[in-house]
Amino acid sequence: MKQKIAVLGPGSWGTALAQVLAENGHDVRIWGNVEEQIDEINQFHTNKRYLPDLVLPESIKGTKTMEECIDQVDAVLFVVPTKAMRSVAKEFTALCKNQPLIIHASKGLEQGTHKRISEVLMEEIPADKRKGVVVLSGPSHAEEVAVHDITTITAASEVLENAEYVQNLFMNNYFRIYTNEDVVGVETGAALKNIIALGAGAIHGLGFGDNAKAAIMTRGLAEISRLGVAMGANPLTFIGLSGVGDLIVTCTSVHSRNWRAGNLLGEGHDLDEVLENMGMIVEGVSTTKAAYELAEQMNIEMPITEAIYQVLYEKKDVKQAAKDIMLRDGKTENEF
C-alpha cells in the first residue's frame, strides 16, 4: 500500500533510502537545510555532492521547510548526523500535527549523555506525536544501494509490528530487511563499529596486512559485544547483520568514511587535516569519545577503543598505540 514518507536529511544515506522508497511506489519527500541542494533535487533529480552518478526518481519531492515535508505523513525517516539529532527532533515535535511512525537510520552515541539515538528521539518526541520508533541499520553503503547492489539490513523495534511495517516499506529485489526486537544491540553495534573501522583503516595506513585486519575486527567485535551486553543487548545480535555484518562492510571498504579517515591517520596525517579533507561527518570520531567515557563509567574493558581514543584526543602516536595493544597482558580469548 502506498505510504507518505518524510526523509529528514539529504546526505548520501538519506538520498539512497529515499530512492528505495520511491522505487517501491511510496510518496517520498526529502528535507534539508541547504536550499541549493533541494533545488537540485527538484530541478535535476540529482544530489551530486553525495551521490554524483545517481539520477533520482522524479517522484521524490525536495522541501525547504520541515513543516511541508512532515505534513500528514505516515512515517518520518531521520537520517541526520548524531550531533544534530536532538535539535532536529525538537523542531519536528514543534511542527508535527499527527502521529507518524518514527524511523532512524543514523549511527552513533550522543556526546555528553552517551545515549543511543532512539533514546534521544523518545526524549524529544512525545508519545502523542509518534506511533513508535524503529531503528534501520546494517551493512550498507549508500553508493552500492544507489546502483541496486544486493543489500540486507535490519529493522529493529521493541514492537514487532512496527519493525514489520518498515520491512514492508523497504523490501524489494535488491534491498532486503530482517526484523529484530533488540533495539539496544542493533544501535550499539551500529555505533561502535565505526570506532573499529577507524582502527582498521589505521592498520592499513600503517602498512600492516590481512592478519592485523582480521585481528582488529575480531577483537573489536568482542569489545562491541562486551559493552552492548552490559547495556542490555542480546549477544546474538552481534553475530548478525548489525553486528559482524556492519563491522565487515565498514572495516574493509573504501566507501567507508571511517575507514578512510583511519587510513589517513595511519599514514601520518593530523586529525584536523583528515576531518577537513573528508567533507562529510566521520561519526566514529565522536563515537570513540562517547564509548570511551561510557566504558570508563561502566567499568568495561575496551582496549582498542581506548587506544583509538588516545590517538584521536591525546595525540598518541598511531604506531605506538598499535604496539602497546600487542604488549598487553595475556588474556583468554573467551574472557567476557
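In this predicted model, the largest nonpolar core holds 38 residues, and the members that touch the most others are W13, L77, L136, V166, F170 and F175. Helix 1, residues 12-23, gives this core its largest share, seven residues. Apart from this core lies another of 36 residues, including L109, A197, L221 and A295. In soluble globular proteins, nonpolar side chains tend to be buried together.

L136 can be followed through its contacts. Leaving aside residues up to four places away in sequence, L136 touches L17, I103, H104, A105, I153, T154, A155, V166, F170 and I177. Two of these partners, V166 and F170, are themselves listed with L136 among the core residues that touch the most other members.

**Domains and their interface**

The protein chain is divided into domain 1, residues 4-181, and domain 2, residues 190-327. The table gives the values for this pair.

| Item | Value |
|---|---|
| Separation of domain centres, over C-alpha atoms | 25 Å |
| Residues of domain 1 in contact with domain 2 | 25 residues |
| Residues of domain 2 in contact with domain 1 | 28 residues |
| Area buried between the domains | about 2,000 Å² |
| Part of that area on carbon and sulfur atoms | 60% |
| Salt bridges between the domains | one salt bridge |
| Residue pairs in polar contact between the domains | seven residue pairs |

On the domain 1 side that touches domain 2, at least two residues each are supplied by helix 4 (82-95), helix 6 (142-145), strand 7 and strand 8 (175-180). Strand 7 provides the largest share of that side, three residues.

Which side chains meet in a salt bridge at 2.9 Å, N to O? They are those of K107 and D246. K107 falls within the bounds of domain 1 (4-181) and D246 within those of domain 2 (190-327), and the count of salt bridges between the two domains is one.

**The loop after strand 7**

Strand 7 spans residues 151-156, and the loop between this strand and helix 7 (160-170) contains V159. Is V159 buried, partly exposed or exposed? V159 counts as partly exposed because its relative accessibility is 43%, which lies between the limits of 20% for buried and 50% for exposed. V159 and A22 are 137 residues apart along the chain, and 25 Å separate their C-alpha atoms.

Terms used: Residues are numbered from 1 along each chain as its sequence is written. This is a predicted model: local features need pLDDT of at least 70, side-chain atom pairs count only at pLDDT 80 or more; totals for chains, interfaces and linings use all residues. Side-chain values use heavy atoms; hydrogens and water are left out. Helices (H or I, at least four residues) and strands (E, at least two) are DSSP runs, numbered from the N terminus. Buried means under 20% relative accessible area, exposed over 50%, partly exposed in between (1.4 Å probe, protein chains only). A nonpolar core is a set of buried Ala, Val, Leu, Ile, Met, Phe, Trp, Tyr and Cys residues joined through side-chain atoms within 4.5 Å. Contact means heavy atoms within 4.5 Å. Domain bounds come from an automatic or database domain assignment. Buried area is the accessible area (1.4 Å probe) that two parts lose on being put together, summed over both. A salt bridge is a side-chain nitrogen of Lys or Arg within 4 Å of a carboxyl oxygen of Asp or Glu. A polar contact is a pair of N or O atoms within 3.5 Å; within protein, one must be able to donate a hydrogen and the other to accept it, and residues adjacent in sequence count only if both atoms are side-chain atoms.
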